[in-house]
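Here's a walk through a protein model, with a few charged pairs, a helix and some surface spots to look at along the way. Have the viewer open as you read.

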Amino acid sequence: MEKKKFDVEFHGTNLFALVPLLLFVVFCILFFVVFKTFDMMHLCMGGYVALIIGSLLSKNWGKYWDAVATGMSSKIMNELALILLIVGMFGKLMTRGGVAQGFVWLGDKIGLSGGGFVAFTFIATCVIATATGTSIGTMFTAFPILYPSGLLLGADPVFLAGAILSGAIFGDNVGPISDTTIASASTQEYANKPGVADVAGVVGSRMKYALVAAAAATVCFALFGGSGSAINAAEAEAILAQYSNPKGLIMLIPVAILLIVAFIKRNIYVACTWGLISGTIIGLVSGILVPSDIMGMQDGTLGGFLIDGVNNMIGTVGYLYAIAGIIGILSASGLLQQVIDSLVHSKLNRSVVGTEVIISVGLMVSSICLGSANGPAIIMWGPIANDLGKSKGLHPYRRANLMDGFGSTLPAVIPVTSAFIFIALSCIQGLMDTYSFVQEVSPVSLAGASLHCWFLFVALAVAVITGWGRKYEGPNGEPVKALPAQTK
């Protein structure tokens, strides 16, 4: 039998198609673990360097780069890039609107301390991360404001850090403008109608898992988060007052508008447009924003949430395109199809539960390899999950939820590879230079205290084993509980 030829071939063995992917993993480890840098532009650079090195091993450089361009030009990737650039502006609008400062004011007025403050911090960071769509941005915002204040009010340092990390992950998982939410929806196609899963439907269908885990985490943070000792109430009050502004809570109105429009129109572009318009008007009328906060010259350069939002997403869009190029090479070399075929015909894939296990474990392994960078992991694993899920008639919502959900569990708390753990520790280390009462936290203890991630893993594992929330794709793409000839 004649060996099938593929568009992209390599010298020696076609396994060299894996070189760009492996090099990208090396760059992730180098940046996250060794250099402890978390700039998406660095990952973007690493992705393109990996592609360039991989091209040197191919037999035909022209066909190699044609495959890269084909991967990058996919409709799914272009739509994802467009969405990210738009939601980046809305995220920066929320940051400039001072949502975090609004929650600081609220917590101060309620008079929380100890475990109560830890639970409040978790809820506040959940809302902030959901509104801004960025887990990393939420952590960099919340730690300087809430962490020293909480320590002074008797919060346990480890659980307080875990609450901030957990809240950031919650928002990353369910936020309608989060890159992982958008990526998980955009990579899952319908089998019975054109198009991919809509963001609003995906968010609505995954909330039950996230809220159950969040409720359990909130109770535990309240019960066990107050073992610290109050240090200086006056100093805590000064820190809280410095970062307190009740007007910040007003900016939750455009978040509500965005969510309502998203669920009514089932279109994230329309929802973000309404969110941007309403948020800008509300910010200007309330005095939270001035015209230069939208766009204007600041310190000799063009600033404002519009340009900041685009700039903030350029690195993310760039490295996602690099991942798309890597997927293009894997596809054109035949390796991606080989992996899909082997998984589709595997013994584990004979049952629906087995298929969901493959989708979930595969995503977690991919995310761990990429330093808990769930966005690239979903882009990379998404085509495989798409084909596997279709083979069992699983609805695109279910497939998207398994990927994004499990990516927000164990990969986010692996002490030696998780970018989230390293970011939290770097934030704490920076605060140690400012406040004498801030002490070092070990990565292992922080991983254990990130309670939402652990509870979410349990909730999703139960969902896979019992079928909780499992939906199949109906004749017109609608979610149904079972198919007429479903394989159990």
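## Ground rules for exposure

A residue is called buried when its relative accessible area is under 20%, exposed when that value is over 50%, and partly exposed in between. K390 has a relative accessible area of 31%, so it is partly exposed. Keep in mind that what you're looking at is a predicted model.

## Salt bridges across the chain

Side chains of opposite charge can pair when their charged atoms come close. How many salt bridges does the structure hold? The count is six.

K390 is a good place to start, since its side chain meets that of E189 in a salt bridge, 3.2 Å from N to O. E189 sits in the loop between α9 (179–186) and α10 (199–224), while K390 belongs to helix α18 (residues 374–391), so this pair ties together parts that are 201 residues apart in sequence. E189 is partly exposed too, with a relative accessible area of 30%.

Next up are E356 and R398, whose side chains meet in a salt bridge at 2.8 Å, N to O. This one links helix α17 (residues 352–369), home of E356, to helix α19 (residues 396–407), home of R398, and the two residues are 42 apart. Are these partners buried or exposed? Both E356 and R398 are buried.

## The R96 network

R96, D293 and D308 are joined into one network by salt bridges that share partners. Within it, the side chains of R96 and D308 meet at 2.8 Å, N to O. That pair links distant parts of the chain: R96 is in helix α4 (residues 75–96) and D308 in helix α15, 212 residues apart. R96 comes out at 27% relative accessible area, so it counts as partly exposed, and D308, at 25%, is partly exposed as well.

## A closer look at α15

Helix α15 covers residues 305–332, which makes 28 residues. Does its length agree or disagree with what 1.5 Å a residue predicts? The expected span takes 1.5 Å times one less than the number of residues. That should give 40 Å, and the end C-alpha atoms are 40 Å apart, so the two agree.

The helix does bend, by about 30° at I314. It's also mostly covered, with 20 of its 28 residues buried. Just after α15, G334 takes a positive phi of about 90°.

## Spots at the surface

For a nonpolar patch on the surface, look at I52, L56, W61 and W65, which together have about 430 Å² of accessible area. W65 lies in helix α3 (residues 61–72), and it counts as partly exposed because its relative accessibility is 34%.

L249 is found in the loop between α11 (233–242) and α12 (252–265). With a relative accessible area of 23%, L249 is partly exposed. Which residues does L249 contact, leaving aside neighbours within four places in sequence? They are G102, F103, W105 and L106.

M432 belongs to helix α21 (residues 419–432). M432 has a relative accessible area of 32%, so this residue is partly exposed. Leaving aside neighbours within four places in sequence, M432 is in contact with V438, Q439 and E440. M432 and P148 are 284 residues apart in sequence, and their C-alpha atoms are 9.5 Å apart in space.

Methods
Residues are numbered from 1 along each chain as its sequence is written. This is a predicted model: local features need pLDDT of at least 70, side-chain atom pairs count only at pLDDT 80 or more; totals for chains, interfaces and linings use all residues. Side-chain values use heavy atoms; hydrogens and water are left out. Helices (H or I, at least four residues) and strands (E, at least two) are DSSP runs, numbered from the N terminus. Buried means under 20% relative accessible area, exposed over 50%, partly exposed in between (1.4 Å probe, protein chains only). Contact means heavy atoms within 4.5 Å. The bend at a residue is the angle between axes fitted to the seven residues ending there and the seven starting there. Patches are made of residues with over 30% relative accessible area and no salt bridge: like charges are joined within 9 Å, nonpolar side chains (Val, Leu, Ile, Met, Phe, Trp, Tyr) within 5 Å. Accessible areas come from the Shrake-Rupley method with a 1.4 Å probe; for residues, only the protein chains shown count as cover. A salt bridge is a side-chain nitrogen of Lys or Arg within 4 Å of a carboxyl oxygen of Asp or Glu.
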